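Q: I should like to learn how to read a structure of this kind, beginning with its overall division and ending with its ligand site. Could the explanation proceed feature by feature?

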Amino acid sequence: MPLVHASLGERELAAVAEVFASGWPAGQGPRGKALEEELTRMYGVGDAVAVSNCGAALHLALLALGVQAGDEVIVADYTFPAPAQAVRYVGATPVFADVRADTGTVDVGAVADLITSRTVGVIAVDTVGLPADYEPLQQLADRHGLFVVEDAACAVGATYRGRMAGALAQVGCLSFHGRKGATSGEGGALLAADVKIAADARLRSSFGIGSIFEMGKVVGLPVPEFTEIGYNFKLSDIAAAILRVQLGRVGELLARRSAVAARYGELLAGEELLSLPVVPEDRTHAWQSYMVTLDARVDRAQVAAALRGQGIGCGHGTWASHLQPVFAPARACPVSADLFRRNLALPMHAELTADQVERVALALRGALREAVSPRALGGAA
Ligand SMILES: *Cc1c(COP(=O)(O)O)cnc(C)c1O
């Protein structure tokens, strides 16, 4: 029973066969263009740029927003550390902001405390699929003239106050990695309210030159010139074709993951040795992961070993970025560090059966009892 499982099937395969027949498997072809149009409509943004992954989308976002060496960008700490890496790509300094203990999303009060004269923006993260507090965060950013980027890598299908995750800030970055809710193996997108930001990102995603596919259609022989240093962050048309099918399935796949989450909630309710994920009333979760927080008395490694011994995949969830050696020395984020120590991710994907979910819950309840000393359970007596 793996932790995650990508739901890719016959329809995605048929879409790939069409690309093979078309003779254009590379990026920025007709499928990529159609995908960008669909994303723009679906999210109601100014423009969408299909890219090779979410890390590339974050990098392009910071370049388009003009972040430079010496700038500080405040980043949510409890996450796969792609946001802080992106800040480093452009020579700027990531400043780690602690998170809410209940949701794991960035604590707006912590962000406020970190703003200096060098701060240019904030990257908030929709933690394993749960949107952050964008309204108060945007108000704070507006007061200080800062940009907000939404790392919505895990949040395809989630909502915040009725709006779609991915479109909750001026720039949103999506991941279509194989462990996310919609996938083409590897893939990503940048969503921008401002078409100029998207145009800058699109140009830099393609070595600073326009679409080679489009150029082939021009009559005559205009020779385009390179005016910017860019990268090759294009999404292939093979991946774009897969994603067009996957985007049509986001609702169906998320409904199945939500049912799994609801069932875990019922089966684990009242378990004193863990706390369940919290979803505030004003938002919905995309359930990229289902993480429970273990009681401090529980030996997490022992629980994980017991589950894995029964063929049940599990993991630590995500990272406290500031504790990663690559970012040392960094200021402390105690809440994030505590979640990093105590969270446990359980199997979560659209293919899990009711029986499997029950088996996980039962195995987890048993493993928890074994991984806590009876002395600790009984209190100080
Ligand atoms: C997975 C993930 C990324 C990286 O996405 P890729 O598409 O693999 O580059 C970035 N940010 C967060 C929060 C993620 O979970």
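A: We begin with the domains. The chain is divided into domain 1, residues 10–249, and domain 2, residues 251–370. Please keep in mind that this is a predicted model.

Q: How far apart do the C-alpha centres of domain 1 and domain 2 lie, and how many residues does each domain bring to the contact?

A: The two C-alpha centres are separated by 26 Å. To the contact, domain 1 contributes 40 residues and domain 2 contributes 35 residues.

Q: Where does the ligand sit, and which residues of its surroundings are the closest?

A: A residue is taken as near the ligand if one of its heavy atoms lies within 4 Å of it. Here the ligand occupies the largest pocket. It is surrounded by 14 residues, and the closest are C54, G55, D151, S175 and K180.

Q: How does the shell around the ligand divide into nonpolar, polar and charged residues?

A: The shell holds six nonpolar, six polar and two charged residues.

Q: Which atoms of C54, G55 and S175 lie at short range from an oxygen atom of the ligand?

A: The cut-off for a polar contact is a pair of N or O atoms within 3.5 Å. For C54, a backbone N or O atom is 2.8 Å from an oxygen atom of the ligand. For G55, a backbone N or O atom is 2.9 Å from a ligand oxygen atom. S175 instead places a polar side-chain atom 2.7 Å from an oxygen atom of the ligand.

Q: How much of the ligand's exposed area does the protein bury?

A: Taken alone, the ligand exposes 390 Å², and the protein buries 88% of that.

Methods:
Residues are numbered from 1 along each chain as its sequence is written. This is a predicted model: local features need pLDDT of at least 70, side-chain atom pairs count only at pLDDT 80 or more; totals for chains, interfaces and linings use all residues. Side-chain values use heavy atoms; hydrogens and water are left out. A polar contact is a pair of N or O atoms within 3.5 Å; within protein, one must be able to donate a hydrogen and the other to accept it, and residues adjacent in sequence count only if both atoms are side-chain atoms. Accessible areas come from the Shrake-Rupley method with a 1.4 Å probe; for residues, only the protein chains shown count as cover. On a 1 Å grid over the protein atoms alone, a cavity is a set of points where a 1.4 Å probe fits but cannot get out, and a pocket is an open set with protein on both sides within 12 Å along at least five of seven lines; lining residues have an atom within 4 Å of a point. A molecule sits in a cavity or pocket if more than half of its atoms lie within 2 Å of its grid points. Ala, Val, Leu, Ile, Met, Phe, Trp, Tyr, Cys and Pro count as nonpolar, Asp, Glu, Lys and Arg as charged, and the others, Gly among them, as polar. Domain bounds come from an automatic or database domain assignment. Contact means heavy atoms within 4.5 Å.
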